[in-house]
Structure formats: C-alpha cells, structure tokens
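Please work through the following questions with the sequence and the coordinates at hand, since each answer is argued from the model before it is stated.

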Amino acid sequence: MKKIIAFTGSTSHNSINQKLLDYIIKEFPNKEIELLDLKSYELPIYSPETEKKGIPIQTKEIFQIFNSADGFILASPEHNGLPSAFLKNHIDWLSRVDQRFFHDKPILLLSTSPGATGGKSHLDILAKLVHRWGGELIGQFSLSDFYQNFDTRTNTPNKSAHEQSLKDLVKSLLNFHEKPSAIYRTNREIEVFLNRIVNQYKSKGFL
C-alpha cells in the first residue's frame, strides 16, 4: 500500500486548510494517508549564516519522512497572495539537504480561504515550483468562501461538485504510478550514481 504524507503550511491550531486534510482522511480511511504536523518541528529562520551552524536535526527528520513516502498532499494557506512564511522556511531548509526533496514523487496541492479565490493565487505559484523541488504535480484544488462551502460540523464540503472534484484528485494521486527513473546500462554507471548519492548524504551529515 502506498504511503501518502499529508501536511499543511499553517501554524494555526484551528486551521481551515487542516480541515481539508481531515476530510480526505475521513473519506479514504483504508488508504495509508499520514498527517505530518510541521508545527512540531521548530526551525530557525533560514539564512546562509545560520546554515553554517549545520542543517537542523528536525529538517533531517522531515527529509527522511519525505524520502519514505510515495506521495504528498499539501494544504497551503495563502498569506498576502503568497505561501506562508512558515511553509517557505521549511522549504528553504529542506532544499539545502536536497533541492529535489520530494524525490520525483506525486503531489496534490490544496488551499482554502474565507475569500472568493480560496487561495488560488498562491497555489498557482506553488504549482510552478514543485517540479524544481522534485514533485510530480497531480493537480490543484482551491475551495473559496470556506465558511459557506464547508460544513465544519460534518467536516464535509457543502457542494457535491466541490466534494467530487476533491475526491477525484485524491484518487488520481493514489493511483499514480511512478515513472521509472533513468536506466543505468552498465555496472560502472550504477557505481557512479550510488557514489554521488552517498557523497551527497555525507556532505549533509546523514552518513
């Protein structure tokens, strides 16, 4: 069974983006969708000077969790038309371990907000960047006017069209078949590839 890591870029303990993830887990109970609470990983604000002190152990732990996953669901809040500073800081640190920290795996982008666009503006920005981070974009979903379009008592979208669209995207993620990575034709090519990976991990303090 595939292991899907679901996480949000919100620091709110009553996050409406988290409620989207809760809904998905409720609707797909037999799938291995695990919540990752980024709030439990306190990180310093990234800067080149701070990085000289070393990659935080919390970032290494998140990186290993990402490495063990088969796919991702990111529910991201929009702050002034952009991803949250909290999410951006985690991305900055993860990219210092490996620029392609999503490891060529599928990702579904979600957002919601009380406003008319549902955070779509910043989701479009993320959609253009996930490939740089090694993500295979499955799709994106924005739920506008959250408090009118989502029933917090039943934890379900009010409109069947919204509910079906979200379910279809999650099914696409769950049914995604990873594309095979490059085929190495000789033992020497395999050796070079493995040495590169080992040296990369050593340089980041993993080995």
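## Sheet, helices and two residues

Q: In what order do the five strands of the open sheet lie?
A: The model is a predicted one, and in it five strands make up an open sheet with parallel pairing. From one strand to the next the twist averages 20 degrees. Read across the sheet, the order of the strands is 2-1-3-6-7.

Q: Which strands stand at the edges of the sheet?
A: A strand with a single partner strand has one side left without a neighbour in the sheet, so the edges are found by looking for such strands. The order 2-1-3-6-7 begins with strand 2 and ends with strand 7. The edge strands are therefore strand 2 (32-35) and strand 7.

Q: What is the bridge partner of Leu-74 in strand 6?
A: Strand 3 (residues 71-75) pairs with strand 6 (residues 105-112) in the parallel sense, over four bridges. Leu-74 has its bridge partner in strand 6, and that partner is Leu-109.

Q: At what angle does helix 7 run to strand 7?
A: Helix 3 (residues 57-68) lies across strand 1, strand 3 and strand 6, and its direction is at about 140 degrees to strand 1. Helix 7 (residues 160-174) also packs on the sheet, where it touches strand 1, strand 3, strand 6 and strand 7. Between the directions of helix 7 and strand 7 the angle is about 170 degrees.

Q: Is Thr-8 buried or exposed?
A: Thr-8 belongs to strand 1 (residues 3-8), and its contacts beyond four places in sequence include Leu-21, Leu-38, Leu-74 and Phe-86. Because a residue counts as buried under 20% relative accessible area, the 6% relative accessibility of Thr-8 makes it buried.

Q: Which residue offers the backbone oxygen that the side chain of Thr-8 reaches, and at what distance?
A: The side chain of Thr-8 reaches two backbone atoms, one of them the nitrogen of Ser-10 at 3.3 Å, the other an oxygen. Ala-75, which is also among the contacts of Thr-8 outside its sequence neighbours, carries that backbone oxygen, and the distance is 2.7 Å.

Q: How many Å apart in space are Gly-135 and Pro-106, C-alpha to C-alpha?
A: Gly-135 is found in strand 7 (residues 135-143) and is buried, with a relative accessible area of 5%. Leaving out residues up to four places away in sequence, Gly-135 touches Phe-102, Lys-105, Ile-107 and Val-130. Pro-106 lies 29 residues from Gly-135 in sequence, while their C-alpha separation in space is 5.7 Å.

Conventions: Residues numbered from 1 in each chain as written. Predicted model: local features only at pLDDT ≥ 70, side-chain atom pairs only at ≥ 80, totals over all residues. Heavy atoms only, no water. Helix = DSSP H or I, 4+ residues; strand = E, 2+ residues; numbered from the N terminus. Buried < 20%, exposed > 50% of the residue type's maximum accessible area, 1.4 Å probe, protein only. Polar contact = N/O pair within 3.5 Å; in protein donor to acceptor, adjacent residues only side chain to side chain. Contact = heavy atoms within 4.5 Å. Pairing = 2+ DSSP bridges. Axes fitted to C-alpha atoms, helices over the stretch in contact; angles between N-to-C directions.
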